[in-house]
Amino acid sequence: MRHFCPVYPKPRPSKASALLMFFSARRSWLDALYERSYRMRMGEVHLPGLDLYMVNEPALVKQVMDTQAEDFPKSNLLGDALKPLLGESIFTTSGDQWRKQRSMMDPAFAQARLNVAFPVMQAAVADMLTRLSALPDGAEYDLEVEMTHVTADIIFRTIFSVPMEGADAKRIFTEFARFQAIAPRLMLPSIYGLRWLVWPWDVWRSRRAAAAIRGLLGQLIRPRFDAHRAGKPSDSADILQSFLDAKDEVTGEGFSFEELLDQVAMLFLAGHETSASALTWAAYLMANAPDIQERMHQEVVMHLADRQPELSDMRYLDLVRNVFRETLRLFPPVGFMARQSASACPMRKKTVEQGATVVVSPWLIQRHRELWDAPDVFNPDRYDNDASRESLKQAYLPFGMGPRVCMGAAFALQEATLILASLVRDYRISALPEHEPQPVGRLTIRSANGVRLKLHRRRKGV
Ligand code: HEM
C-alpha cells in the first residue's frame, strides 16, 4: 500500500553560516535545519551569545529530560517572550517553585476531573458542529480557524464552567492570537543573544496584548477568588475550583491572586494552542489519505451509528487515536524543548559547558532516519506493528517526558479523539490540489498559509 508523505520544509544540504541560520530561522526555526540534523545523535551550534547542543540520542534525551532533569532546568529562552503574559507560571519555572506548583496543579488533571470535563468537551464540540453546518456543502475552509476556536472554547469552559461567548471572552481570544503572532519575533533574537534586534514596537504590542488578556482573565477570577477567601461554599468542579482549593504541602497556603492569574493564563495558552495545531494537521493528513479517513469513518459509525460519542466510546476508537498519535509524531506541536545545563557535563565525546542550552526536539527525533522506519510517511497503522514498538518506546515524545511531562496529555487525547470522531462521522474532508500548507516552527508547528480543505457533509448512514 502506498502511504501519503506530508509536506515538510526540505532541509538544506549542509549546515548554514551563523548569519544565514539566523535569517532562515527568523521565518521558521525549521528552515535552519539541514540534512544531517535528521541523522545525527548530537549536534552543536556556537554563536557569540549562545552555546547550544541539540540532543537526539535516546539515552541522552532520557538523561536531560528524566533521570538528571534536576541538572537541566528550563532554559529562559522562551520565558523572556512569554513572561509578560504567563508571569511565574509552571511552564517556565524550575526547582522548588516548580515542584510546589506541580503538586498543587496535578489534582486538576486527575482522571476523575477528566470524566467531569467530558460533557463540557461534548457541549463545545456540539457548538463546533453547529458552526460548521452553517457552511455550504463542499465549502473550502481553513480548518485552523475552527480548530483554534473549538479548543479555546473547551479549555475556557473547563477552567471557568462558562462557554467562550460574549465580548470579553472573544477579546481574550483575539488578544491571545495577537500575542501568539508576535511571540516568535521576540524569541529568536533572544535565542541568538541579539536582544537589540527586537523591535520596540513588537515588545510594546506584545505587552499590551498580555496586559489586556490578564485584565480580562482577572475579572473572571476575582469574584471566585474573593468568595473562596471569604469561605463561601461552591459547587463548581472546574479547573479554577481545583486551583482555588489547592494548598502547598509545606506551608498550607493556597495560590495568591497573582499566582492564580499566571497559571490560568498559561493553561489557556498551553491548553489550546498545542491541540489546535495538532488537530489542524490531523485534518490535513486525513484529507490526503482518503482510504484511512474512510476506515476512520467506518470505525466511528460502527460504534456510534448516529449518536454523539460518549466517554465509554473513546477506548474503542483505535484508528482515530492512532491517526492522532501519528499526527503528533509528524507534526509535534511543541517542536523543541530547551533546557540549561546547571553544571559542566560530559555528553558523548563533548563537554556541555555550564549555562549552555540543551535542546531536545520531538520534530527531529520523531523523524530521525535511524530511529524510525519510513520516518516522513503518514502511517497510523505502524502503532499496531511490533517493529515500531522500540521506536515508540525510545523516540516518541510529543508530550515531553520525565517529571515535566505534559500535565494535559490525557486531556488532550480525550479532546482530540472526540473532535476527530465527530468530524469524520459527519464530514468527508478532501484536499485542495492547488493549496499546499507550509509548516513553520513558531510557538507551535503551524502552517504559514493556513490549512485550507474542503468539507463535504455526509448523508446519514453513508
Ligand atoms: C496535543 C496537545 C499537547 C501537546 C502536544 C503538549 C505538549 C507538551 C509538552 C511537550 C510539554 C513539556 C514541555 C517541556 O518539557 O519543556 C508540555 C507541558 C505542559 N502542558 Fe502540554 N501539550 C498539549 C496539550 C496540553 C493541554 C490540553 C494542557 C492543559 C489543559 C497542557 C498543559 C501543560 C502544562 C501545564 C505543562 C507544563 C508542565 C510542567 O512543566 O510541569 N498541555 N506540554
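In the predicted model, the side chain of Arg 329 lies over the face of Trp 372, at 5.1 Å from the ring centre. A second arginine is placed in a comparable setting: Arg 222 lies over the face of Phe 257, at 3.9 Å from the ring centre.

Aromatic rings also pair with one another, and a search of the whole structure finds 14 such pairs. One of them joins Phe 156 and Phe 268 in an edge-to-face arrangement, with 6.1 Å centre to centre and 80 degrees between the planes. Phe 156 belongs to helix α6 (residues 143-160) and Phe 268 to helix α10 (residues 257-288), so the pair ties together parts that are 112 residues apart in sequence. Both Phe 156 and Phe 268 are buried. An edge-to-face pair is likewise formed by Trp 281 and Tyr 284, for which the centres are 5.6 Å apart and the planes meet at 85 degrees. These two residues are three residues apart in helix α10, and Trp 281 and Tyr 284 are therefore separated by about one helical turn. Trp 281 has a relative accessible area of 1% and is buried; Tyr 284, at 5%, is buried as well. Ring pairs further link Trp 281 and Tyr 284 with Phe 4, Phe 331 and Trp 363 into a cluster.

Trp 281 also takes part in the packing of α10 against helix α12 (residues 318-330). The axes of α10 and α12 come within 9 Å and cross at roughly 110 degrees, so the two helices are roughly perpendicular to each other. On the α10 side, the contact is made by Ala 278, Leu 279, Trp 281, Ala 282, Leu 285 and Met 286. Helix α12 contributes Val 323, Phe 324, Thr 327, Leu 328 and Leu 330. By class, ten residues of this contact are nonpolar and one is polar, while no charged residue is present.

Helix α6, which holds Phe 156, also contains Phe 160. With a relative accessibility of 7%, Phe 160 counts as buried. Leaving aside neighbours within four places in sequence, Phe 160 is in contact with Leu 217, Leu 220, Ile 221, Arg 224, Asp 238, Leu 240 and Val 264. Among these partners, Val 264 falls within the residue range of α10. Phe 160 and Asn 449, by comparison, are 289 residues apart in sequence and 33 Å apart in space, C-alpha to C-alpha.

Methods:
Residues are numbered from 1 along each chain as its sequence is written. This is a predicted model: local features need pLDDT of at least 70, side-chain atom pairs count only at pLDDT 80 or more; totals for chains, interfaces and linings use all residues. Side-chain values use heavy atoms; hydrogens and water are left out. Rings of Phe, Tyr and Trp (its six-membered ring) pair if their centres lie within 6.5 Å; planes under 30 degrees apart count as stacked, over 60 as edge-to-face and the rest as tilted. Helices (H or I, at least four residues) and strands (E, at least two) are DSSP runs, numbered from the N terminus. Buried means under 20% relative accessible area, exposed over 50%, partly exposed in between (1.4 Å probe, protein chains only). A charge sits over a ring if NZ of Lys or CZ of Arg is within 6 Å of the ring centre and within 35 degrees of the ring normal. Axes are lines fitted to C-alpha atoms, for helices over the stretch in contact, and angles run from 0 to 180 degrees between N-to-C directions. Angles under 35 degrees count as roughly parallel, over 145 as roughly antiparallel, 65 to 115 as roughly perpendicular and the rest as oblique. Contact means heavy atoms within 4.5 Å. Ala, Val, Leu, Ile, Met, Phe, Trp, Tyr, Cys and Pro count as nonpolar, Asp, Glu, Lys and Arg as charged, and the others, Gly among them, as polar.
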